[in-house]
Amino acid sequence: MTVITHVKSAAQIVTMKGASDAPKRGEAMSDIGLIENGSVVLVGDRIAFVGSDGDAADFLETFEGDIRLIDASGKIVTPGLVDPHTHVVYAGSREKEFEMRLQGAKYIDMLKQGGGILSTTRSTREAGLGQLIEQAHVRLDRFLLHGVTTVEAKSGYGLTVEDEVKQLEAARRLQRIHPIDIVPTFMGAHAIPVEYRGRADEYVQLIIERMIPLVSQLKLAEFCDVFCEEGVFTVEQSRKILEAGKSYGLKPKIHADEIVQTGGAELAAEVGAVSAEHLLQASDAGIQALANSNTIAVLLPATALFLMEKPARARKMIDEGVAVTLSTDCNPGTSPTQSLPFVMNIACLTMRMTPAEVLAAATINAAHAICRADQIGSIEAGKKADLVLFDAPNYQTLQYNFAVNLVHTVIKNGEIAVEGGVLIANGKHASN
Ligand code: NIG
Ligand code: FE
C-alpha cells in the first residue's frame, strides 16, 4: 500500500521552488521560497503537496487510510541535499600525506613523486570489488547522516581499462543497495598512471580509444571529467578527451583552475561543460566566460581549506551572474569529509556566501550540475520525496551554529532513512 506521510508544523520550509528549468543566478540565489509554519505531504516516493498547515489539512481530506505524521515543529525542512562532485568510491586513506603537507610538502609535488592520487590508485587497484563497495558504503552512510540524498561519484583511481570499470561497477552496485542516489562520472583522466609516465599522449589515446567507448557501451557513466592542471592534463588533451566523451554521449565536466591558472574555466565554457569544478585560480575572463554560459561553477571550499589555499572567488562569481553550487569533493587526498553542511558553513565563512545562497547552491543548483533538477533539488509536487529536517528554528541557524550536525530526520524516496540523527536500516535503527 502507498504510504502517505504528513510532515507537519515546520518552523520554516525551504522550498527552492521555481528553478527546475535553470539554475539560480545572482540575486535569485537568495530567493529560497520560504514557507513559515508549513507542511509537506508525501505520497509514496513523491512529493504531493507543500504549503501551509491549514491547506495541507484540506488536501489530506481526499485521502483515506493511515497517514504517517512527522512533527517538524521547531525545525526547518529543506530538500534532500545534493552533492554534485565526489570521489566517494576508493580504497585506502592518506592521513600520512596530510601530516606531510602540514610539515610543508606540496600536494602537486607528492603527485609528481608517485603519491597523491597515484597512491590511492595503488590501493584501489589492489582492492576487490567487494572491498570497494564496503568502504564506499560507510562513506555513503555518513553522507546520509549529514542530509545528503544524492551524490555524483567519479572514477579515476583505477586508471586502467579494467580498474576504471571496476570502480564504476562498484558505484552501480552501491546505487542498488544504498538509499542514496548515485550519479556516475567517468574520470579516467584523473592522473597519468605511473606506467605511462612520460607518455601522457599515449594514455590520452587509451582513454579515447578504449575507456570511453567501453564505459559508454556498458552504460557505466553519464558524465566525463578531466583533471585539467599543470603537470596533469593540458588544455589541449582535456579538450580532446571531453570531445571524445561527448561523441559517446558522456556530458563534460572539468576539474578546472584548481592549483594553477590554466584557462580551465574558459575551456569549460568553450566545450559546453555542464560544470567547471574548483576554480580557485579562475581568471576574470574565465569567470566572465562562465557567467555568459550554461556551465555551472562547482565550488569546493573544504578542499581549499584542507589544501590551506585561498578559496574560489564565490562573491565575484555570484555577483557577476555565474550559477554557483557547492560540494564536498569527498576524496582521500584533498577533502576527506562527507559533511556537506560543514562545506556550507565554510562557504559562508571563507567565501562570504550568505545562508540563503549556500542552501540554493547545495540543493537546486547542485541538482542542475548533475542534470537532475527535474527530479530533485526543490520541494515541489511531483519531485522525489527527499527531505531533511534540521534541528534549527530558521535557515540562518544552519550556518550560525556551525560545524555541528543539525540533521534530525532524513526522508529518502519517501522512506525514513535517518531519525533523531541516527541511521535507520530497513525500518530499524542501524548499529553505527
Ligand atoms: O578534486 N584534483 C583532483 N582530484 C581530487 C583530489 C583527488 C586526490 O587527491 O585523491 C580533487 O581535489
Ligand atoms: Fe574532485
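A polar contact is a pair of N or O atoms within 3.5 Å. In this predicted model, such a pair links ligand 1 to Thr334, where an oxygen atom of the ligand lies 2.7 Å from an N or O atom of the side chain. Two further side chains approach oxygen atoms of ligand 1 through an N or O atom: that of His278 at 2.8 Å and that of Asp329 at 2.9 Å. Considered alone, ligand 1 exposes 330 Å², and 100% of this area is buried by the protein.

The site of ligand 1 is the largest cavity. Around the ligand there are 15 residues, of which Arg94, Tyr107, Tyr157, Glu258 and Thr334 come nearest. By residue class, the shell around ligand 1 comprises 4 nonpolar, 8 polar and 3 charged residues.

The cysteines were examined next. A search of the whole structure returned 0 disulfides. Cys224 takes part in no disulfide, and the nearest cysteine sulfur, in Cys228, is 12 Å away. A disulfide requires two cysteine sulfur atoms within 2.5 Å. Cys224 has a relative accessibility of 1% and therefore counts as buried.

For Cys371, the closest cysteine sulfur is that of Cys224, at 14 Å, which is too far for a bond. The relative accessible area of Cys371 is 32%, so this residue is classed as partly exposed.

Methods: Residues are numbered from 1 along each chain as its sequence is written. Chains are lettered from A and ligands numbered from 1 in the order in which they are written. This is a predicted model: local features need pLDDT of at least 70, side-chain atom pairs count only at pLDDT 80 or more; totals for chains, interfaces and linings use all residues. Side-chain values use heavy atoms; hydrogens and water are left out. A residue is near a molecule or strand if one of its heavy atoms lies within 4 Å of it. A polar contact is a pair of N or O atoms within 3.5 Å; within protein, one must be able to donate a hydrogen and the other to accept it, and residues adjacent in sequence count only if both atoms are side-chain atoms. Accessible areas come from the Shrake-Rupley method with a 1.4 Å probe; for residues, only the protein chains shown count as cover. On a 1 Å grid over the protein atoms alone, a cavity is a set of points where a 1.4 Å probe fits but cannot get out, and a pocket is an open set with protein on both sides within 12 Å along at least five of seven lines; lining residues have an atom within 4 Å of a point. A molecule sits in a cavity or pocket if more than half of its atoms lie within 2 Å of its grid points. Ala, Val, Leu, Ile, Met, Phe, Trp, Tyr, Cys and Pro count as nonpolar, Asp, Glu, Lys and Arg as charged, and the others, Gly among them, as polar. Buried means under 20% relative accessible area, exposed over 50%, partly exposed in between (1.4 Å probe, protein chains only).
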